[in-house]
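Let's work through some exercises together, one step at a time. Keep the sequence and the 3D view side by side as you go.

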Amino acid sequence: MATETQAKEKLTIQQKQLENRGRLLVKCPDKPGIVSALSTFLHNHDSNIMESSQYSSDPENGTFFIRVEYHCDELLAKSEQMEKDFKEIASNYSMQYEFAYPNERKRSAIFVSKEPHCLMELLWEWQNGDLDTDIVVVISNHEDARPIVEAVGIPFHHIPANKDIRQQVEAEQIRLMEEYEVDLLILARYMQILTPDFVNHFENRIINIHHSFLPAFIGAGPYERAFERGVKLIGATSHYVTNNLDEGPIIEQDVERVDHRDDVAELKKIGRLIERRVLVRAVKWHLENRIIVEGNKTILFH
């Protein structure tokens, strides 16, 4: 694995390359002229569109979604004025919008319990420079992952958790999230239910991996129940956490084919591979501002 110093050097190079790049996400009622208005705005601010993806739920009475990535020389100096100038267009088209800047890296926390496979995949991607975030802390209700985390120089906090002390546990977790200035929480097989108070602190900023192809087998023991039903496909689902258990907006899913020869242990082994890749994809897309949440669904711009 790459050392912490190598990771920091790679990060510095990447940030320099991204200083003049911006992203704009827009959601508004659909009507003619939106794309033209956005293109003209960027052109008038000496910006070159590098990537653009759009979607309309209904061209006549629907909602329009668009993600634009652009390059602009001296963007760091110009961004504040650009955002001010954009307010008039946003008002004319009743836009909900977000400007994002890739050089401003998000700060992520990972929550994990005993199974380390998703945590290790995230750390591997991060060390390779392929996960565009700073992993600033790992929190666990078990000590198992401490050696893995501390070996790469990330702070590890062990906070025992169960339903009887959940309020105290979450108060300490929220305190740590604020101390580390966390933007994104990643539940890498964190096997505890979060309370509404905790979830409301981080709306659309908690990404979970569930070890089944939702909405099938919500809750605990999905591999056991999948085996009992004799399923021919098993999968994993990454989604934003809401106060409805395993029913938040889905970001990514994947499956593998299985058959009657596969017992529960084999299903879990196959499932771990799916979980790892599904969670990493979802986290990457969030960090790249490729997701707009619409109700209990996501609009995803690959």
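**Exercise 1. Find which residues make the nonpolar surface patch of about 250 Å².**

Step 1. The patch is made by Ile193, Ile218 and Leu245. To qualify for a patch, residues need over 30% relative accessible area and no salt bridge; like charges are joined within 9 Å, and nonpolar side chains (Val, Leu, Ile, Met, Phe, Trp, Tyr) within 5 Å. Areas come from the Shrake-Rupley method with a 1.4 Å probe, and for residues only the protein chains shown count as cover.

Step 2. Now place Leu245: look in the loop between strand S10 (233–240) and strand S11 (250–257). Helices (H or I, at least four residues) and strands (E, at least two) are DSSP runs, numbered from the N terminus.

Step 3. Leu245 has a relative accessible area of 46%, so it is partly exposed. The scale is: buried under 20%, exposed over 50%, partly exposed in between (1.4 Å probe, protein chains only).

A word on the source: this is a predicted model, in which local features need pLDDT of at least 70 and side-chain atom pairs count only at pLDDT 80 or more, while totals for chains, interfaces and linings use all residues. Residues are numbered from 1 along each chain as its sequence is written, and side-chain values use heavy atoms, with hydrogens and water left out.

**Exercise 2. Work out which strands pair with S3, and why S3 is largely enclosed.**

Step 1. Strand S1 (residues 21–29) runs antiparallel to S3 and is joined to it by nine bridges. Two strands pair if DSSP finds at least two bridges between them. In this pairing, Arg21 stands opposite His71 of S3.

Step 2. Strand S2 (residues 47–56) is antiparallel to S3 too, again with nine bridges. Here Ile49 has Tyr70 as its bridge partner. S2 and S3 form a hairpin, with six residues between them.

Step 3. Strand S3 covers residues 63–72, and nine of its ten residues are buried, so the rest of the structure largely encloses it.

**Exercise 3. Of the 25 salt bridges, examine three.**

Step 1. A salt bridge is a side-chain nitrogen of Lys or Arg within 4 Å of a carboxyl oxygen of Asp or Glu. Start with Arg67 and Glu69, whose closest N and O atoms are 2.9 Å apart. Arg67 is buried because its relative accessible area is 1%, and Glu69 is buried at 6%.

Step 2. Next take Arg105 and Asp132, where the closest N and O atoms are 3.0 Å apart. Arg105 sits in the loop between strand S4 (96–100) and strand S5 (106–112), and Asp132 in the loop between helix H4 (117–127) and strand S6 (133–140), so the pair ties together parts that are 27 residues apart in sequence. Arg105 counts as buried at 15% relative accessibility, whereas Asp132, at 22%, counts as partly exposed.

Step 3. Finally, Arg146 and Glu143 have their closest N and O atoms 2.6 Å apart. Both partners are partly exposed: Arg146 at 24% and Glu143 at 36%.

Step 4. Salt bridges that share partners also link Arg21, Arg23, Glu51, Arg67, Glu69, Glu288 and Arg290 into one network.

**Exercise 4. Decide whether Glu121 is buried or exposed, and find what it touches.**

Step 1. Locate Glu121 in helix H4. Its relative accessible area is 17%, so Glu121 is buried.

Step 2. Leaving out residues up to four places away in sequence, Glu121 touches Arg276 and Val280. Contact means heavy atoms within 4.5 Å.
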